[in-house]
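Dear colleague,

I am handing over the structure below, together with some notes on what was found in it. Please keep it open while you read, since the notes go from one part of the chain to the next.

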Amino acid sequence: MPSPVAPQESTAETIEISGVIEVGGKTNVIVKVPEEHTSRYVTVGDRLVNGKVLVKRVEMGLEPVVILEQGGREIVRSVGSSSALIGAL
């Protein structure tokens with residue numbers, strides 16, 4: 001009987017979110033992509049990892065969360081979190 005295969009971590013799940021900043025009505029997200037040497041600012045609609053990951057939206061609340069999309073799947077990332085909460089929307 002073959003052993004079950006563990007789900008492979010998506011690239012979006014490895015992206016670090018270190019901050020969310022609202023300035024002049026525009027929301028900027030500070031991200032660190034594992035293959036890149038430095039963090040950078042992105043906005044909703046930007047694509048990361050050679051276009052594979054979309055910055056879909058930012059939900060502001062007590063703790064803002066960033067929703068990334070890869071392969072039709074939404075990945076919810078909180079600021080400073082090293083683990084992902086996976087949404088099936």
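Which residue in the hairpin of strand 1 and strand 2 takes a positive phi? In that hairpin, where two residues lie between the strands, the residue is Gly24, with a phi near 60 degrees. Before going further, please bear in mind that this is a predicted model.

The chain as a whole

The protein chain contains eight strands and zero helices, so that, read along the sequence, its pattern is β-β-β-β-β-β-β-β. Of its 89 residues, 36% are buried. Among the contacts in the protein chain with a separation of 6 or more, 26% are between residues 24 or more positions apart.

As for confidence, the mean pLDDT of the protein chain is 85, and 80% of the residues reach 70 or more. Over residues 83-89, however, the pLDDT is below 50, although this stretch has 15 contacts in the model beyond near neighbours in sequence. Where pLDDT is low, the predicted coordinates should not be read in detail.

The sheet of strands 1, 2 and 3

To return to the hairpin, strand 1 covers residues 16-23 and pairs with strand 2 in the antiparallel sense, over seven bridges. Two places where the strands face each other can be found by name: Gly19 stands opposite Ile30 in strand 2, and Ile21 stands opposite Asn28 in strand 2. Strand 2 also pairs with strand 3 (residues 40-42), again in the antiparallel sense, over three bridges, and here the bridge partner of Ile30 is Tyr41 in strand 3. Ile30 is thus a residue to look at from both sides, with Gly19 opposite it and Tyr41 as its bridge partner in strand 3.

Together these strands make an open sheet of three strands in the order 1-2-3, with antiparallel pairing. Strand 1 and strand 3 are its edge strands, each pairing on one side only, and neighbouring strands of the sheet are turned by 30 degrees against each other on average, if direction is ignored.

Strand 2, which spans residues 26-32, is mostly covered, with five of its seven residues buried. One residue found in strand 2 is Val31, which counts as buried because its relative accessible area is 1%, where the cut-off is under 20%. Leaving aside neighbours within four places in sequence, Val31 is in contact with Ile15, Glu16, Ile17, Ser39, Arg40, Val42 and Leu48. Val31 and Val79 are 48 residues apart in sequence, and their C-alpha atoms are 9.5 Å apart in space.

The nonpolar core

The largest nonpolar core has 16 residues, and those with the most contacts inside it are Ile15, Val29, Val31, Leu48, Val53, Val66 and Leu68. The elements that give two or more residues to this core are strand 1, strand 2, strand 5 (53-59) and strand 6 (65-70), and strand 5 gives the most, with three residues. In soluble globular proteins, nonpolar side chains tend to be buried together. If residues up to four places away in sequence are not counted, Ile15 touches Val31, Lys32, Val33, Pro34, Leu48, Val49, Val53, Leu68 and Arg77.

A buried glutamine

Gln70 is found in strand 6 and counts as buried because its relative accessibility is 18%, below the 20% cut-off. A polar atom of the Gln70 side chain lies 2.9 Å from the backbone nitrogen of Ala12. Not counting residues up to four places away in sequence, Gln70 touches Ser10, Thr11, Ala12, Lys52, Val53 and Ile75.

The loop between strands 4 and 5

Most residues other than glycine have a negative phi. Against that background, the loop between strand 4 (47-48) and strand 5 deserves a look, as Val49 lies in it and Asn50 lies in it too. Val49 has a positive phi of about 55 degrees although it is not a glycine, and the phi of Asn50, also a residue other than glycine, is positive and near 55 degrees. Are these two residues buried or exposed? Val49 counts as buried, at 14% relative accessibility, whereas Asn50 is exposed, with a relative accessible area of 82%.

With best wishes

Conventions:
Residues numbered from 1 in each chain as written. Heavy atoms only, no water. Buried < 20%, exposed > 50% of the residue type's maximum accessible area, 1.4 Å probe, protein only. Helix = DSSP H or I, 4+ residues; strand = E, 2+ residues; numbered from the N terminus. Pairing = 2+ DSSP bridges. Core = buried A, V, L, I, M, F, W, Y, C linked by side-chain atoms within 4.5 Å. Contact = heavy atoms within 4.5 Å. Axes fitted to C-alpha atoms, helices over the stretch in contact; angles between N-to-C directions. pLDDT = per-residue confidence, 0-100. Polar contact = N/O pair within 3.5 Å; in protein donor to acceptor, adjacent residues only side chain to side chain.
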